[in-house]
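Subject: Structure handover

Hello,

Here is the structure for your files. My notes on it follow below.

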Amino acid sequence: MTANDLTLEDLGWRACFSEQLSADESARCHPVRVMAVHRGKIAVSGAGSQGFVAPHIPGADPTDDHPTVGDWLLVDGATEAPVRVLRRMNLFKRRAPGDPKREQMIAANVDTLFIVASCNQDFSVARLERYLVLTREVGVSPIIVLTKADLADDPQSFAAAARALEPGLRIEIVNARDPTDVARLGSWCGPGQTVALLGSSGVGKSTLVNSLRGSDDLATQAIRARDATGKHTTTVREMHRLAGGGWLLDTPGMRELQLADAAAGISEVFDDFVLAAESCRFSDCAHDREPGCAVRAALDDGSLTAERFDRWRKLTAEEAAKNARPGSRRR
Ligand SMILES: Nc1nc2c(ncn2[C@@H]2O[C@H](COP(=O)(O)OP(=O)(O)OP(=O)(O)O)[C@@H](O)[C@H]2O)c(=O)[nH]1
Ligand SMILES: [Zn+2]
């Protein structure tokens, strides 16, 4: 381990984690946050020190109990061996490429997810809605960030389209290249806060990150420290310190994230449709031409819109297909 000048609060520690420690654990162990996970080692930062610990926890369940980036890990004070992963505030996971029955953990304990889209022809309400479904599923709070405002004639029209998705949805319109503009995201990036970004290629995620981090380049943030065997090692961080004191969680998996197991999220984003469907005469109503279809009735009287109906049907059909034959799902 080598020294750092961080406190647990700087790293995102809070009451919901400290409450989980027994008296014995408080005496014997100390918490560290997982900065990066590699095959043979886990990079961690704790109060006043950083380094590497072994990736395996004796007796842990192979799926959920192993550490992922953003996790809080208890480490034995004497041996530096990992003891257990603390219960997470939330967890991003996806179906493992090549093995859809297995889930792969991507990131844990994220406070805010920036859903990034640009004010141009790439903007898609349907795509934003998918990301919102995902945030509901994971239980993280979403902020829509609309980039390239400086290149658009009417950026407010994009914001209006996004706002129509969900009442009260938080939306920020920025020029991602302008640090003054991006500073408006600062309230979510303060000390101890963890953020992550999601959005299609080219929307300006890296540009935003560079503006949030100040000038230095993402690739240069490495961790150099001694591992448990005393050997010097270096690794690339997956948690990046932001200028405001917060943390950006950026892993390759986060960038590739897809809608996984989103059924619960879909019903939350489309709760009005779910509610209407409960009044259909037939419980297996396809909302097509069935008599007594309450969804059709709501579409006819204008209380539900045809656009959202199409998206709801598409997402639920995809979800059903995925569950029926997971092996054939395209990556
Ligand atoms: N004018 C302007 N250009 C922007 C803005 N945001 C991003 N760009 C430009 O758009 C291009 C793509 O931005 P990136 O930040 O690389 O996009 P990304 O989302 O990280 O893309 P991937 O790495 O493919 O996921 C770059 O040339 C940026 O300079 C913006 O708000 N205004
Ligand atoms: Zn119906």
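Of the 331 residues in the protein chain, 35% are buried. Please keep in mind that this is a predicted model. The secondary structure of the chain comes to 11 helices and 16 strands. As for the contacts between residues at least 6 apart in sequence, 66% of them join residues at least 24 apart.

Ligand 1

The shell around ligand 1 holds 15 residues, of which Ser201, Gly204, Lys205, Ser206 and Thr207 come nearest. By type, the shell divides into 8 polar, 4 charged and 3 nonpolar residues. Helix α6, residues 205-213, gives the largest share of this shell, with 3 residues.

Helix α6

Which residues of α6 are buried? They are Lys205, Leu208, Ser211 and Leu212. These four cover an arc of only 130° around the axis, so they lie on the same side of α6. Lys205 thus appears twice in these notes: among the residues that come nearest to ligand 1, and among the buried residues of α6.

The cover over the buried residues of α6 includes several strands and a helix: β9 (112-118), β10 (141-147), β12 (194-198), β16 (247-249) and α5 (179-182). Just after α6, Gly214 takes a positive phi of about 85°.

The annotated site

An unreviewed UniProt entry carries the annotation "binding site" for Cys280, Cys285, His287 and Cys293. I looked at two of these residues in the model, Cys280 and His287.

Cys280 is placed in the loop between α9 (271-277) and α10 (294-300), and His287 is placed in the loop between α9 and α10 as well.

Is each of the two buried or partly exposed? Cys280 has 19 other C-beta atoms within 10 Å and is therefore partly exposed, since a residue counts as buried at 20 or more. His287 has 20 other C-beta atoms within 10 Å, so His287 is buried.

Leaving aside neighbours within four places in sequence, Cys280 is in contact with Cys285, His287 and Cys293 from the annotated set, and also with Glu290, Gly292, Ala294 and Val295. On the same basis, leaving out residues up to four places away in sequence, His287 touches Ala277, Cys280, Cys293, Val295 and Arg296. Cys293 and Val295 are thus among the contacts of Cys280 and among those of His287.

Regards

Key. Residues are numbered from 1 along each chain as its sequence is written. Chains are lettered from A and ligands numbered from 1 in the order in which they are written. This is a predicted model: local features need pLDDT of at least 70, side-chain atom pairs count only at pLDDT 80 or more; totals for chains, interfaces and linings use all residues. A residue is near a molecule or strand if its C-beta atom, placed from the backbone, lies within 6 Å of it. Helices (H or I, at least four residues) and strands (E, at least two) are DSSP runs, numbered from the N terminus. Ala, Val, Leu, Ile, Met, Phe, Trp, Tyr, Cys and Pro count as nonpolar, Asp, Glu, Lys and Arg as charged, and the others, Gly among them, as polar. A residue is buried if 20 or more other C-beta atoms lie within 10 Å of its own, exposed if 12 or fewer, and partly exposed in between; C-beta atoms are placed from the backbone. Two residues are in contact if their C-beta atoms, placed from the backbone, lie within 7 Å. UniProt positions are given in the numbering used here, feature names are shortened, and annotations may be inferred rather than shown by experiment. The arc is that of the directions from the helix axis to the C-beta atoms.
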